[in-house]
Amino acid sequence: MARQDIESREVAGGVAKNRGSTSFSSSSYVIEDTETQWTSWLVPMFVVANIAVFVVVMYINNCPKHNDGLQGKCVARFLERFSFQPLRENPLFGPSAATLEKMGALESTKVVNKHQAWRLITCIWLHAGVFHLIANMLCLVFIGIRLEQQFGFVRIGVIYVVSGLGGSVLSSLFIQNNISVGASGALFGLLGAMLSELFTNWTIYTNKAAALITLLVIIAINLGIGILPHVNNFAHVGGFFTGFLLGFVLLPRPKYGWLEQRNLPGGGVGLRSKYNTYQYLLWIVSAVLLIAGFTVALVMLFRGENANSRCHWCHYLNCVPTSRWKCD
């Protein structure tokens with residue numbers, strides 16, 4: 001797709017096997033019997049919403065009617081108006097860039113000059129093609145359902161949406177000539193939250209080193225994918241760091257034994273502090289960094305600044321040119 005930065009096709013398909021914050025088996029950390037186990041419904045609803053949006057986009061795209069034939073014939077023409085754009089135009093089996101732009105794809109110039117800030121959110125629910133959609137939804141299911149079961153729909157929903165917004169903002173600051181779509185920024189936010197949850201709840205883990213190394217490898221591999229052409233790694237980085245900070249704010253667990261102590265006869269008279277001191281400190285620092293980061297980034301964005309002028313090497317975070325491909 002000529003004008004389109006497509007967010008990462010996947011976020012480690014095997015990332016979530018069983019969650020001990022980082023999707024490890026629950027035996028790697030201690031769970032008190034009194035902790036609430038939530039029923040996951042929000043993440044499945046997110047999956048349904050993403051699929052429904054893709055179907056609507058393909059309906060509006062209507063390749064047989066709008067394709068000019070210059071890039072070839074529509075793919076899977078038996079689907080009629082749901083058929084895909086020619087593979088030379090979109091190899092992911094999806095709509096045209098024009099349709100995505102019309103439906104709310106992220107485009108920095110329109111966000112700033114035409115006051116279409118809503119694109120910072122709508123782009124999270126759009127996908128460039130069937131392969132892009134399937135990869136992201138599988139990752140959302142593997143990562144999100146276990147997190148929602150452990151922490152509830154409110155906290156995981158906030159992390160998902162705000163991380164997606166953080167990815168969109170950073171992307172708009174650095175990528176100003178292309179459009180971008182995909183839920184990968186939000187998915188990287190969940191990965192970042194998993195990492196910070198491991199740190200803030202460090203004392204309840206039994207296999208700390210294994211959990212940390214495994215998660216860091218998964219994150220490194222997926223961020224590494226982002227240096228390929230046509231992948232919007234700025235959305236990944238922005239979503240990851242937003243989710244990382246949100247994890248310290250939203251996902252701390254009480255001290256081991258605190259829940260039992262609260263339920264003792266006498267109503268927990270003389271109850272000790274619910275969280276460790278370092279958890280409170282991480283909460284404060286993360287909240288301050290989140291507020292300051294979003295404030296500075298949004299001010300820069302709506303003033304029309306190009307962040308590349310302030311960071312001359314940052315473009316390498318998005319694409320590294322090699323003898324096999326260029327980043328233009």
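**How H7 and H8 pack, and the core around them**

In this predicted model, the axes of helices H7 and H8 come within 7 Å and cross at roughly 125°. Angles from 115 to 145 degrees count as oblique, so H7 and H8 are oblique to each other. Their crossing is right-handed.

Which residues make the contact? On the H7 side, the contact is made by Ile156, Ile159, Tyr160, Ser163 and Gly164. H8 brings Gly185, Ala186, Leu187, Gly189, Leu190 and Ala193. Sorted by class, this contact of H7 with H8 has seven nonpolar residues and four polar ones, with no charged residues.

Tyr160, one of the H7 residues in that contact, also reaches other parts of the chain. With its neighbours within four places in sequence left aside, Tyr160 is in contact with Phe46, Asn50, Ile124, Trp125, Leu140, Ala183, Ala186, Leu187 and Leu190.

Zooming out, the largest nonpolar core has 62 residues. Tyr160 turns up again here, listed with Leu140, Leu173 and Leu190 as the residues with the most contacts inside this core. Quite a few helices chip in: H1 (42–61), H4 (108–113), H6 (130–151), H7 (153–174), H8 (184–200), H9 (208–225), H10 (233–250) and H12 (277–302) each supply at least two residues. The largest share, nine residues, comes from H8. There is also a second, separate core of nine residues, with Val57, Leu126, Ala128 and Ile179 among them.

Conventions. Residues are numbered from 1 along each chain as its sequence is written. This is a predicted model: local features need pLDDT of at least 70, side-chain atom pairs count only at pLDDT 80 or more; totals for chains, interfaces and linings use all residues. Side-chain values use heavy atoms; hydrogens and water are left out. A nonpolar core is a set of buried Ala, Val, Leu, Ile, Met, Phe, Trp, Tyr and Cys residues joined through side-chain atoms within 4.5 Å. Buried means under 20% relative accessible area, exposed over 50%, partly exposed in between (1.4 Å probe, protein chains only). Helices (H or I, at least four residues) and strands (E, at least two) are DSSP runs, numbered from the N terminus. Contact means heavy atoms within 4.5 Å. Axes are lines fitted to C-alpha atoms, for helices over the stretch in contact, and angles run from 0 to 180 degrees between N-to-C directions. Angles under 35 degrees count as roughly parallel, over 145 as roughly antiparallel, 65 to 115 as roughly perpendicular and the rest as oblique. A crossing is left-handed if the near helix is turned anticlockwise from the far one by less than a right angle, and right-handed if clockwise. Ala, Val, Leu, Ile, Met, Phe, Trp, Tyr, Cys and Pro count as nonpolar, Asp, Glu, Lys and Arg as charged, and the others, Gly among them, as polar.
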